[in-house]
Amino acid sequence: STKIGSSADQLGSLQFQLRYCPALSEKPKNNSDDPSKDSESEEKKKFDPFENPIGDLVIAHVPRTKPSHVLVLNKYPVIPQHFILATKKNKAQTHVLEEEDLAATYACLKEWEGTHDGSFTDVKDKRRLFAFFNSGEHSGASQAHRHIQFLPVEEMARAQKKDDEGWRPLIDSMLESRHTLEFEMAAGAEIIAPDSKRLLYSPSIPFTHFAVPIPPSPPSDTLFNLYKLLHEAASASVRTYIASSPGDLSLHPTEGGASPISYNLALTTSGMAICPRRREAGMLRDAGGAEVGDVALNGTILAGTLMVKAEDEWDLLRGEKGLEELDKLLEGIGIPQHVSEKGEDRLKL
């Protein structure tokens, strides 16, 4: 079973949805190496669920001709209709996304809605999908085979209590923000359309993030350029943080097209957002300072959703000290956000 709650914390009028999902504790982890394991256990650990997905879980192969991706139901869903878009070839989750990945993702978002104007509406008015991608060791990723996950917004909102109805995906608020970042491209950097050089952010969210709107029915190269823009900005923020906080974080090796950073990416038909990461998890502590639980976060934070698998973690976050702990958790897993009081800043890439 899953219990739902929400918290306003320092996000101001924004609500952060809390989910108690004990089923997450049953989900196997495939990204650890333990030399003490025997060969049989090692084979199970390296099992790739997307190489030959179970027939009952397969939804479709996309596109229909010469498919590059497969749509499958999530064997360990956090909400109903949780599904996944995986590459047919075993491409790395840590590598930079390709144009066809983004094109297939947007096609799923668009098809689910059944409307193509890309405008904001209340979640009760039309079906919406939230897509997220976890990349890198600090991102909450659990599978090495490249995949993008989808959650129906109406299912996320369905279990809300009447007094918690203010919740909506956090990416929506990012895209509606009036706060912007302008940046200068580094010498030799790829030129991107001038109207794409302004990034949106919300100063009340405790972790660094960037968002850009997606135009209606965009061509795949536009989606790819917007992704590259966000990835460049996120990488720049990580480099800046490393320079100011030596020893706390380091860039990842980039051989073969791997990303130098860990990050979460989110998409709707309205926009795209990114959150660079420095830790996968954060420790929750009670009023006496005792450890309650280590909570891992993935790309669902860009939906304004936090999932915990232990009831004592749920109780703490819903209690008197919950707002303070939530703020610490969100700031600790990302790059701390430092912006000017005017809501304007300049980021050099």
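Helices and strands here are DSSP runs, numbered from the N terminus, with at least four residues for a helix and at least two for a strand. With that in hand, let us walk through this structure, which is a predicted model.

Start with the whole protein. It contains 7 helices and 16 strands. Of its 349 residues, 52% count as buried. The protein exposes about 16,700 Å², and carbon and sulfur atoms supply 50% of that area. How much do distant parts of the chain contribute to the contacts with a separation of 6 or more? Residues 24 or more positions apart account for 66% of them.

Now let us visit some loops. The loop between β4 and β5 (83–87) is where you will find Q81. Its phi is near 65°, a positive value in a residue other than glycine. Is Q81 buried, exposed or partly exposed? Q81 is partly exposed, with a relative accessible area of 40%. A second residue of this kind is S217, in the loop between β10 (210–213) and α5 (220–244). Phi of S217 is near 45°, again a positive value in a residue other than glycine. S217 counts as partly exposed, at 41% relative accessibility. Another loop, between β3 (58–62) and β4 (69–73), holds P63. The peptide bond leading from V62 to P63 is cis, and its omega is near -10°.

Next, follow the chain to strand β13, which covers residues 281–285. Which of its side chains are buried? The side chains alternate along the strand: G282 and L284 point to one face and are buried, while A281, M283 and R285 point to the other face and are not. Strand β14 (residues 291–296) pairs with β13 in the antiparallel sense, over 5 bridges. If you look across from L284, its bridge partner in β14 is G293. Together β13 and β14 form a hairpin, with 5 residues between the two strands. In the turn, G289 has a positive phi of about 90°.

A helix can also have a buried face, and α6 (residues 311–318) lets you see one. Its buried residues include E313, W314, L316 and L317. Why do we say that they line one face? Seen down the axis of α6, the buried residues fall within an arc of 165°, so they line one face of the helix. A general rule is useful as you look: an α-helix has 3.6 residues a turn, so residues three or four places apart point the same way.

Let us turn to charged side chains. The structure holds 11 salt bridges. K91 is a good place to begin: its side chain meets that of E98 in a salt bridge, at 3.2 Å from N to O. The side chains of K91 and E100 also meet in a salt bridge, at 3.1 Å from N to O. On the acidic side, E98 is partly exposed, with a relative accessible area of 29%, and E100 is partly exposed too, with 35%. Which residues make up the network of salt bridges here? K91, E98, E100, D101 and R146 are linked in it. Elsewhere in the sequence, E176 forms a salt bridge with R168, where the closest N and O atoms are 2.5 Å apart. E176 counts as partly exposed at 38% relative accessibility, and R168 counts as partly exposed at 31%.

Finally, look at the aromatic rings. The structure holds 6 aromatic pairs. Why is the pair of F83 and F150 called stacked? The ring centres of F83 and F150 are 4.8 Å apart and their planes lie at 10°, so the pair is stacked; the cut-off for stacked rings is an angle under 30 degrees between the planes. This pair links distant parts of the chain, because F83 sits in strand β5 and F150 in strand β7 (residues 147–152), 67 residues apart. F83 is buried, with a relative accessible area of 8%, and F150 is buried as well, with 0%. W112 belongs to the picture too: ring pairs link F83, W112 and F150 into a cluster.

Key
Residues numbered from 1 in each chain as written. Predicted model: local features only at pLDDT ≥ 70, side-chain atom pairs only at ≥ 80, totals over all residues. Heavy atoms only, no water. Buried < 20%, exposed > 50% of the residue type's maximum accessible area, 1.4 Å probe, protein only. Pairing = 2+ DSSP bridges. Contact = heavy atoms within 4.5 Å. Areas by Shrake-Rupley, 256 points an atom, 1.4 Å probe, with all protein chains shown as cover. Salt bridge = Lys/Arg side-chain N within 4 Å of Asp/Glu carboxyl O. Arc of directions from axis to C-beta. Phe/Tyr/Trp six-rings, centres within 6.5 Å; stacked < 30°, edge-to-face > 60°.
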